[in-house]
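Biologist: Could you take me through one part of this model in detail, keeping to what the coordinates support? I would like a single connected account of how a few of the helices sit against their surroundings.

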Amino acid sequence: MSKRLQLTMACDAYDRMQALVDGTIKPEGIDLICIANTGAETFWRMLRHKEFDMCEMSLSSYVATLFQEDPDFIAIPVFPSRLMRHSAIFINTESGINSPKDIIGKRVGVPEWQMTATVWIRGVMQDDYGVPIDSVKYFSGGVIHPGRVEKIPIDLPPNISLTPIPEDKTLSQMLEDGELDVLYFAGVPPIYRTGKHVKRLFENWAEVEQEYFRKTQIFHIMHTFVLRRDLYERYPWIAQSMMKAMIASKDKAAREMGNSGELKVMLPWIVDHIEKTRALMGDDFWPYGLEANRHTLETFLRYSYEQSLSKRLLKPEELFAPESLESFKI
């Protein structure tokens with residue numbers, strides 16, 4: 001029997017990854033040791049210590065690593081996490097913000113400047129709502145826990161004001177207390193449910209996000225999937241092997257999610273939701289691969305460059321292992 005590579009893979013417990021985790025689908029030539037972590041923990045451990053052979057990775061963090069003298073990672077065009085981010089803008093109700101443009105001149109909290117969600121939000125606010133990136137003052141730090149710092153070094157131009165908050169404070173409480181006017185956050189801060197002065201900028205965020213997709217055809221990519229570059233250089237075939245397996249795993253999850261005979265998730269009308277999503281976004285509404293995501297990636301890379309995270313404007317092809325960009329056809 002030929003020897004298979006035993007490799008570690010870290011990712012969150014997504015339905016689209018489950019067949020790889022439980023071994024229903026096996027990458028050719030690879031035995032996976034799967035480690036289930038939240039994305040934030042995985043990124044931190046990979047960026048700081050390169051603990052895993054491969055893992056999901058913040059798209060923004062990955063792009064930033066490509067400007068290292070010897071980049072540590074190389075990606076394949078797989079996107080485990082995607083989420084529109086209009087729902088991720090929270091405001092203090094006493095700050096006089098009644099429309100997106102009212103954010104100009106305000107104090108805005110961001111967990112990290114390079115966080116993918118905040119890159120998307122700043123870009124959308126500038127492109128679609130006329131809120132220039134440099135028209136607000138930014139404050140960075142932990143949302144729920146104090147002491148959060150940037151995972152990678154950043155170098156911002158003088159026109160961008162970014163100040164770390166005190167180590168004993170959190171962005172969430174500062175928003176509630178009126179020390180901040182706005183919070184860009186890739187989740188729902190507990191203060192949104194328990195506080196008295198916090199609401200979303202877009203209370204009808206689902207409608208806003210659907211209209212955004214109709215107009216732009218962009219479905220925000222949050223995470224991609226990276227391999228340790230030293231491993232890839234020794235075994236370049238693993239890029240294609242993982243690409244094929246991840247597509248198969250995602251397709252299996254999509255089929256099972258839509259099984260109206262036996263619901264796989266605890267949402268009574270999920271089939272109706274799927275049908276409406278397909279009507280808006282097409283049958284493959286969570287696409288992998290370069291070409292299906294070119295416009296979304298080009299937009300993100302422009303935002304990354306405009307926000308001083310990329311030293312030059314990258315092309316989408318520069319992000320991914322060449323072996324993962326084409327497949328054998330008969």
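Modeller: This is a predicted model, and I begin at the end of one helix, where Lys50, just after α2, takes a positive phi of about 50°. Helix α2 itself spans residues 39-49, and its buried residues are Gly39, Thr42, Phe43, Met46 and Leu47. These residues cover an arc of only 115° around the axis, which places them on the same side of α2. The spacing fits a general rule: an α-helix has 3.6 residues a turn, so residues three or four places apart point the same way. As for what lies over that side, the cover of the buried residues of α2 includes the strands β1 (5-11), β3 (54-58), β4 (73-82) and β11 (221-228), together with helix α3 (59-65).

From there I turn to α4, taking its contacts with two other helices one after the other. Helix α4 (residues 116-129) and helix α11 (residues 294-306) have axes that come within 9 Å and cross at roughly 90°. Since angles from 65 to 115 degrees count as roughly perpendicular, α4 and α11 are therefore described as roughly perpendicular to each other. On the α4 side the contact is made by Thr116, Val119, Trp120, Gly123, Val124, Gln126 and Asp127, while α11 contributes Thr296, Thr299, Phe300, Arg302, Tyr303, Ser304 and Glu306. Sorted by class, the residues of this contact of α4 with α11 comprise 5 nonpolar, 6 polar and 3 charged.

The second partner of α4 is helix α7 (residues 205-216), which packs against α4 at an angle of about 70°, with the two axes 14 Å apart. By that angle, α4 and α7 are therefore roughly perpendicular to each other as well. Here Trp120, Val124, Asp128 and Tyr129 of α4 meet Val208, Tyr212 and Lys215 of α7, and by class the contact of α4 with α7 holds 5 nonpolar, no polar and 2 charged residues. Trp120 and Val124 thus appear in the contact with α11 and again in the contact with α7.

Finally, a residue of α11 deserves its own description, namely Arg294, which is found in that helix. Leaving aside residues up to four places away in sequence, Arg294 touches Pro316 and Glu317, and the side chains of Arg294 and Glu317 are joined by a polar contact of 2.6 Å. Leu183, by contrast, is 111 residues from Arg294 in sequence and 29 Å from Arg294 in space, C-alpha to C-alpha.

Conventions. Residues numbered from 1 in each chain as written. Predicted model: local features only at pLDDT ≥ 70, side-chain atom pairs only at ≥ 80, totals over all residues. Heavy atoms only, no water. Axes fitted to C-alpha atoms, helices over the stretch in contact; angles between N-to-C directions. Helix = DSSP H or I, 4+ residues; strand = E, 2+ residues; numbered from the N terminus. Parallel < 35°, antiparallel > 145°, perpendicular 65-115°, else oblique. Contact = heavy atoms within 4.5 Å. Nonpolar A, V, L, I, M, F, W, Y, C, P; charged D, E, K, R; others polar. Polar contact = N/O pair within 3.5 Å; in protein donor to acceptor, adjacent residues only side chain to side chain. Buried < 20%, exposed > 50% of the residue type's maximum accessible area, 1.4 Å probe, protein only. Arc of directions from axis to C-beta.
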